[in-house]
Amino acid sequence: MLVSRVTKVVSTLAAVAFVAACADGSARGAEAPLPHSTVAGVFATDIQGSFVGANGPEGVAAEVDGHPILLRDVTSICLRKYRTPIIDQMIQNYVVGRECEKKGIVVPEAEVDKSVEQLRKNVAPATLDDVIAQHHSTMAEVRTAFRNKIQRGRLVADQVPATAMAHCRAIFIKFAPEGAPVAVAGTARTEANARALIAIIQSELTKGKEFGDMAAKYSEVEPKSAAGDIGVLYPGVREIDPAVADTALTLAKGKVSEQVRTHNGFWLLQAISTSADHPAGEDAAYKAAHDTYVDQQAQFLTPKFVVDLIEKSHITFATDSECDLAAGKPMPEAAATVDGHVIPMKDVAAKCVAENGPRVVDILVQNYLVNQECQRLGVAVPETEVDARLDKLRKLIAPNTIDAGLVARHMTLAELRDSFQQDMKRVRLVQDQVKPTKMAHCRAILIKFQQPGNLTVAGVKPRTKIEALALIKTIQAQLKNGKDFGDLADKYSEMEPKTANGDIGVLYLGMHDMDTGVMEAGLALDKGKTTAEPITTVLGYCLVQSISTSDDHPKAEDAAYHNTLSIYKEQQSQTLTPQAIVELIKKSKVVYYVHA
């Protein structure tokens, strides 16, 4: 079904993404809201994002009832939004390749072949060709990625410190950790029973029994191996508990360890040989272990090494305005230059469109249909409403600024305004489908308690749950004796932010930033009533009083209820807009052309 491919539309998507940008404007390549109406993530094509359809007119990515979605517009959006991580990777590959050429490091094609074959086995039963296509890549790019990974390891291999290694046997006796089901632990044996069994095995070894024979009889290492052989160990060896590896590396050839306890069993280890004392017949095994160790350690060293190479280079980047092709500008030759070497913009654009073009086209198709439907129904979003949302965003992200966020997200203010406007249009199209709901204007008194291990809350006396319950019961008694709820809220309530008379505003179903128990209790009350028992929240105990309800409130509260109803409708609309857009697409003739 088409609707199953539709993702949930979040009304504040543009603002949320924008806030994230402002909070970390330096994060290159981070996600950003797509400019001009890329607010809602509803996809009409396949969820994997591949184009479907026939070959179309040159320069056209899709047609909606005869209206063309231009490829240059799609490319322009993709370039500005997605080019940064792609350029970064191309720069890294260039400086790494240049450094390898300088140092005479060559990666034979046979080594790349081995990596490709291993990947082929790892993705089975899927085919490698299918996986590559799903990732919008090519076999050439996969081979380049493997070659570059090997190159990076070679460049820092001489920085990896030498290490001791040991070829070992092991006897492992499992136990079930406390609370772990037998099916998960793989045994019903208790820790005490496992300890007793490993002690018996140690006793047998001291009497002259062969370690390999005892391992074959008792060890529960998986997969099972002859005489308990677990191969050559080194620091950081994978799939071996660090305590086991560390102990093994302290053993001299032929020696047996003391018990080693891990989270699920006890180990005894014997060093068959060591890197410093082994027969020539084991040279190949030690070399393979050494190569794996160096490769693993190199992964920690290569990021800084590559950063250092980049910092020593002179790099320039194309600006956002140079990447704006929508106005008919020609594509610049260089996306970036590294010491005069050009990172071609056409290659960056091709990658951007291959990976992200289908999603951008989907959204542009949706936006066109939404605009047409709004025009048909006379639905408009005044600029003053967009201004109000921008002002709200400014307050939300302070002390960060919108201008800083725009730079970080490769957007203009006009594009952000368009995103907000498109978001509001979608809400307007489905608002009349939102069912009415009960609302209640409430007060609350919150008495906090400290959870075990929680830090003391500033300005609030630390108290236990028992102490908090005793205080809330005292307040209840005062209410029964005729004390005013608002006065008691002013005196006792620890609700944040602090408000006069404990006023927590107009509540509605699904309200954000409100404890569910408090919300449900408030909505269940008639006007003037107070909860009979305290409500337990994550912060403490709470009493709630209904000042009024949507069915029973004075005229002076009309505005507050109207505003709350608008917020409720906007939130509820998010669940309705995906299906509404699907229906618009079904009623239209939408053709997607192949460009990926």
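## Close-up views of a predicted model

**View 1. Gly 59, ahead of the first strand.** At 29% relative accessibility, Gly 59 counts as partly exposed. This is a predicted model, and the view starts in the loop between helix H1 (13–23) and S1, where Gly 59 lies. Look for Leu 70 here too: Gly 59 and Leu 70 are 11 residues apart in sequence, yet their C-alpha atoms sit 6.0 Å apart in space.

**View 2. The bend in helix H2.** Helix H2 covers residues 71–103, and at Arg 83 it bends by about 60°. There's a proline to spot as well, since Pro 85 follows within four residues of the bend. Just after H2 comes Gly 104, which takes a positive phi of about 70°.

**View 3. H2 against H11.** Here H2 packs with helix H11 (residues 345–377) at an angle of about 135°, and the two axes are 7 Å apart. Angles over 145 degrees would count as roughly antiparallel, so this pair is oblique instead. The crossing of H2 past H11 is right-handed. As for what makes up the contact between H2 and H11, its residues divide into 16 nonpolar, 3 polar and 6 charged.

**View 4. The largest nonpolar core.** This core has 48 residues, and the ones that touch the most other members are Val 74, Leu 79, Val 348 and Val 365. Elements giving two or more residues to this core include strand S1 (60–64), H2, helix H5 (139–156) and helix H10 (283–311). Strand S8 (334–338), H11, helix H14 (413–430) and helix H19 (577–586) are also among those elements. The largest share of the core comes from H11, with 13 residues.

**View 5. Two cis peptide bonds before prolines.** One of them runs from Ala 124 to Pro 125, with omega near 10°. To find it, go to the loop between helix H3 (109–123) and helix H4 (128–134), which is the place of Pro 125. For the other, Glu 222 and Pro 223 are joined by a cis peptide bond with omega of about 0°. Pro 223 is in the loop between helix H8 (211–218) and strand S4 (229–233).

**View 6. Lys 149 on helix H5.** Lys 149 is found in helix H5. Buried, exposed or partly exposed: which label goes with Lys 149? Its relative accessibility is 43%, so Lys 149 counts as partly exposed. Bring Val 112 into the frame as well: Lys 149 and Val 112 are 37 residues apart in sequence, with 9.9 Å between their C-alpha atoms.

**View 7. Helices H7 and H8.** Helix H7 (residues 191–206) and H8 have axes that come within 10 Å and cross at roughly 155°. That makes H7 roughly antiparallel to H8, because angles over 145 degrees count that way. H7 passes H8 in a right-handed crossing.

**View 8. Positive phi at His 410.** His 410 isn't a glycine, but its phi is positive, at about 55°. The residue belongs to the loop between helix H13 (402–408) and H14. Is His 410 buried or exposed? With a relative accessible area of 19%, His 410 is buried; the cut-off for that label is under 20%.

**View 9. Positive phi at Asp 513.** Asp 513 is also a residue other than glycine with a positive phi, in this case near 60°. Its loop runs between strand S11 (503–508) and helix H17 (516–523). The relative accessible area of Asp 513 is 82%, so this residue is exposed.

**View 10. H15, H16 and Gln 478.** H15 and helix H16 (residues 485–492) pack at an angle of about 155°, with 10 Å between their axes. The two helices are therefore roughly antiparallel to each other, and H15 passes H16 in a right-handed crossing. Now pick out Gln 478, found in helix H15 (residues 465–480). Its relative accessibility is 16%, so Gln 478 counts as buried. Leu 488 is 10 residues away along the chain from Gln 478, and the C-alpha atoms of these two are separated by 8.5 Å.

Methods. Residues numbered from 1 in each chain as written. Predicted model: local features only at pLDDT ≥ 70, side-chain atom pairs only at ≥ 80, totals over all residues. Heavy atoms only, no water. Bend = angle between axes of the 7 residues up to and from the residue. Axes fitted to C-alpha atoms, helices over the stretch in contact; angles between N-to-C directions. Parallel < 35°, antiparallel > 145°, perpendicular 65-115°, else oblique. Left-handed = near helix turned anticlockwise from the far one by under 90°. Nonpolar A, V, L, I, M, F, W, Y, C, P; charged D, E, K, R; others polar. Core = buried A, V, L, I, M, F, W, Y, C linked by side-chain atoms within 4.5 Å. Buried < 20%, exposed > 50% of the residue type's maximum accessible area, 1.4 Å probe, protein only.
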